[in-house]
Amino acid sequence: LGAAFTANYGDLTASAADTADGHLDSYYANLFGRYQSKRWAHTLILTGGWNDAKLNRTVDYGAGSYRTEGNTNGWGLGAMYELTYDIYLNENKSSILQPLFNASVVTTRMDGYRETGAGNAGLSVDKQEWTTGTLALGGRWMGLVGSNLFGREALAELRVNAAQDLGDDRGETAVGFLANPGYTQQVRGAKVGRTALQIGAGLSVPVGTQGTIFVNGNADIRNGASSLNGSIGYRYDF
């Protein structure tokens, strides 16, 4: 059993459609549980999050310009379940191959906002709601390595998944001018592929009797959008 809190702080600068800048700050709380019976293991992660977003726009017209401000908040809920089966690759069980299946669902809500600073020329942006589910099949290898490299036994991990998204594949909302609330347009975000190849690797090196230094890297590759991320940290077990 475990719990975690995450804070993300992001800044935005854009040059399309005049200029814009802002931020998107996100805060998440996670509850984690894992149960193993013989070779079968079940993992459940529950997530709740809150977002704070701000966007400033500078609009040029002829010899002049004006600047607007917009603020909004949102929240999200998510759940992920994973099932694995251990296949031992050696007699001392220090190298394990795990076929895995996982399913997740995430629902997100962002409030609408009305820009200030430009009078009736400001934009009115409606709320956004989207829910996405993901099914994945793949495998994970875990093994103890590096007794001659690190001076102690470290845990290495490699992961490969094929994932399929279901449900909403893009955000969508109504945008219009404050001067004419009866005339709005539906604006949709970029559409990306629903099928992804997910690759990950990790290394955990024990420090003392209860501490661990860990390094993780992940890639999500799909049509129209790919992402890479990595993390390094210290974990204390008690």
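## Salt bridges: the term

A salt bridge here is a side-chain nitrogen of Lys or Arg within 4 Å of a carboxyl oxygen of Asp or Glu. Side chains of opposite charge can pair when their charged atoms come close. In this predicted model, E82, R140, E157 and R159 are linked in a network of such bridges. The structure holds nine salt bridges.

## Overall fold and shape

The chain has 15 strands and zero helices. Its C-alpha trace spans about 75 × 35 × 30 Å along the principal axes. The radius of gyration is 23 Å, while a compact globule of 238 residues would have one near 18 Å.

Contacts between residues 24 or more positions apart make up 55% of those with a separation of 6 or more. Of the 238 residues, 29% count as buried.

## Surface and charge

About 14,800 Å² of the chain is exposed. Carbon and sulfur atoms supply 58% of that area. The side chains include 19 positive and 22 negative ones. The centres of these two sets lie 7 Å apart.

## The E82–R140 pair

Within the network, E82 forms a salt bridge with R140. The closest N and O atoms of the two are 3.0 Å apart. E82 lies in strand β4 and R140 in strand β9 (residues 128-145), so the pair ties together parts that are 58 residues apart in sequence. Both residues, E82 and R140, are buried.

## The D21–R67 pair

D21 forms a salt bridge with R67, again described by its closest N and O atoms, which are 3.0 Å apart. This pair links distant parts of the chain. D21 sits in strand β2 (residues 19-37) and R67 in strand β4 (residues 64-85), with their positions 46 residues apart in the numbering.

How exposed are the two partners? D21 has a relative accessible area of 28%, so D21 is partly exposed. R67 has 40%, so R67 is partly exposed too.

## The D220–R222 pair

D220 forms a salt bridge with R222. Here the closest N and O atoms are 2.9 Å apart. The cut-off for burial is a relative accessible area under 20%. D220 has 16% relative accessibility, so D220 counts as buried. R222 is buried as well, with a relative accessible area of 16%.

Methods
Residues are numbered from 1 along each chain as its sequence is written. This is a predicted model: local features need pLDDT of at least 70, side-chain atom pairs count only at pLDDT 80 or more; totals for chains, interfaces and linings use all residues. Side-chain values use heavy atoms; hydrogens and water are left out. Helices (H or I, at least four residues) and strands (E, at least two) are DSSP runs, numbered from the N terminus. The radius of gyration is taken over C-alpha atoms; the globule rule is 2.2 Å times the number of residues to the power 0.38. Buried means under 20% relative accessible area, exposed over 50%, partly exposed in between (1.4 Å probe, protein chains only). Contact means heavy atoms within 4.5 Å. Accessible areas come from the Shrake-Rupley method with a 1.4 Å probe; for residues, only the protein chains shown count as cover. Lys and Arg count as positive and Asp and Glu as negative; His and the chain ends are not counted. The place of a charge is taken as NZ of Lys, CZ of Arg, CG of Asp or CD of Glu.
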